[in-house]
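Here is a friendly walk through one model, from the overall fold down to single residues. Keep the viewer open and follow along.

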Amino acid sequence: MSAVQFHSRSVVIGATRPPISVVGRDSALIAGVMVHHTASPVHVGTNAHSYAKSLYDWCVRPTSQGGRGYGDIEYHAMITQDGQILDCRPSSARGAHCRAPLPGFAHSANTTHLGVAFIMNASQTIPSYLALEALHVYRYLAHLYTGRPLALAWHSQANPTACPGTRLAPILASLPSKV
Ligand SMILES: [Zn+2]
C-alpha cells in the first residue's frame, strides 16, 4: 500500500455495530482536531479493522461489565502506519476522547474537537510518512465537514498525559497549526 486510503465506518466496524446512545453536538462548536495515540501495538491492513471492532466492543460495553460505557469508539477516526483513515465515531456525535477543555475553551475537548488516534504507541514507534499523510488528509476532510479551517491540538495540551507519545507530539508541533 503506497497511498492514503479512507475506510468508511460500515467497512471498519460493520453495519451490525451501530453507535449506541452517543450524544450529538452542535458542529458550530467544532474548532479543531485533537490527536491521540491508542498506546496499543501497531495494527495495519485488515488487522487494524479487527482492532477497531474489538475497541468498539470494549467501548460500548457498560462499565459494570468491564467496558467503558462510551456508546461508541472514543475517537472520530483512527490512522494506521500503512496510511489508512478509519472512520469511527460519527462526526456529528460528541467525542469521548478528552473530557478536559483545552486552554482558552469553555467546553470539553470532546465538544470542541474531533478526536483522531494513531494506532500505535507513539512513545515507542515513530509515525510513518503515510500515517502523517493520512493525518493531513483527515484534517482536510474535517475542514470540508465543518466548512472552516480547524486548529491542530493534541491530548497532552488539555491535561497531563503521555498521549499522544513522545515521538509524535514534537512532529505535531512542527505541522501547520490550521488547515
Ligand atoms: Zn489521548
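Two strands count as paired if DSSP finds at least two bridges between them. That rule applies to the hairpin of S3 and S4, which has 4 residues between the strands. In this hairpin, Gly83 takes a positive phi near 85°. Please keep in mind that the model is predicted.

**The overall picture**

The protein chain holds 5 helices and 6 strands. Read from the N terminus, its elements follow the pattern β-α-β-α-β-β-α-β-α-β-α. Along the principal axes, the C-alpha atoms fill a box of roughly 40 × 40 × 30 Å. A compact globule of 179 residues would have a radius of gyration near 16 Å, and the protein chain has 15 Å, so the two agree. Buried residues make up 42% of the 179 residues. Among the contacts with a separation of 6 or more, 71% are between residues 24 or more positions apart.

**The sheet**

The 6 strands form an open sheet with mixed pairing, in the order S1-S4-S3-S5-S2-S6. Its edge strands are S1 (5–7) and S6 (151–154), each of which pairs on one side only. From one strand to the next, the twist averages 25°.

What surrounds S4 shows the mixed pairing at work. S4 (residues 84–87) runs antiparallel to S3 (residues 77–79), and 3 bridges join them. S4 also has 3 bridges to S1, and these two strands run parallel. Two residue pairs help to locate these partners: Ile79 has Ile85 in S4 as its bridge partner, while His7 stands opposite Leu86 in S4.

In a regular strand the side chains alternate between the two faces of the sheet. S4 gives an example: Gln84 and Leu86 point one way, Ile85 and Asp87 point the other way, and all are buried.

**Two helices and what covers them**

For H2 and H4, the end-to-end distance can be set against the span expected at 1.5 Å a residue.

| Helix | Residues | Expected span | Distance between end C-alpha atoms |
|---|---|---|---|
| H2 (residues 45–60) | 16 residues | 22 Å | 24 Å |
| H4 (129–146) | 18 residues | 26 Å | 26 Å |

Both helices agree with expectation.

Which residues of H2 are buried? They are Ala48, Tyr51, Ala52, Leu55, Tyr56, Cys59 and Val60. These residues cover an arc of only 155° around the axis, and therefore lie on the same side of H2. Thr46, Ser50 and Ser54 are exposed on the other side of H2. The cover over the buried residues of H2 includes helix H1 (9–12), S3 and S4.

H4 lies across S2 (32–37), S3, S4 and S5 (113–118), and runs at about 155° to S3. Its buried residues are Leu130, Ala131, Ala134, Leu135, Tyr138, Arg139 and Ala142. What covers them includes S2, S3, S4 and S5. Just after H4 comes Gly147, with a positive phi of about 80°.

**Two residues up close**

Ala77 is a good place to zoom in. This residue belongs to strand S3. Is Ala77 buried or exposed? Ala77 has 26 C-beta neighbours inside 10 Å, and the cut-off for a buried residue is 20 or more, so Ala77 counts as buried. Setting aside neighbours within four places in sequence, Ala77 is in contact with Ile85, Leu86, Asp87, Cys88, Val116 and Tyr138. Ile85, Leu86 and Asp87 have already appeared as buried residues of S4, and Tyr138 as a buried residue of H4. Ala77 and Gly115 are 38 residues apart along the chain, with their C-alpha atoms separated by 6.7 Å.

Leu172 offers a second view, this time from helix H5 (residues 169–173). Why does Leu172 count as buried? Leu172 has 20 C-beta neighbours inside 10 Å, and 20 or more is what the term requires, so Leu172 qualifies. Beyond residues up to four places away in sequence, Leu172 touches Val35, Leu152 and Trp154. The C-alpha atoms of Leu172 and Leu135 are separated by 9.9 Å, although these residues are 37 residues apart along the chain. Leu135 is also one of the buried residues of H4.

Terms used
Residues are numbered from 1 along each chain as its sequence is written. This is a predicted model: local features need pLDDT of at least 70, side-chain atom pairs count only at pLDDT 80 or more; totals for chains, interfaces and linings use all residues. A residue is buried if 20 or more other C-beta atoms lie within 10 Å of its own, exposed if 12 or fewer, and partly exposed in between; C-beta atoms are placed from the backbone. Two residues are in contact if their C-beta atoms, placed from the backbone, lie within 7 Å. Axes are lines fitted to C-alpha atoms, for helices over the stretch in contact, and angles run from 0 to 180 degrees between N-to-C directions. The expected span of a helix is 1.5 Å times one less than its number of residues. The arc is that of the directions from the helix axis to the C-beta atoms. The radius of gyration is taken over C-alpha atoms; the globule rule is 2.2 Å times the number of residues to the power 0.38.
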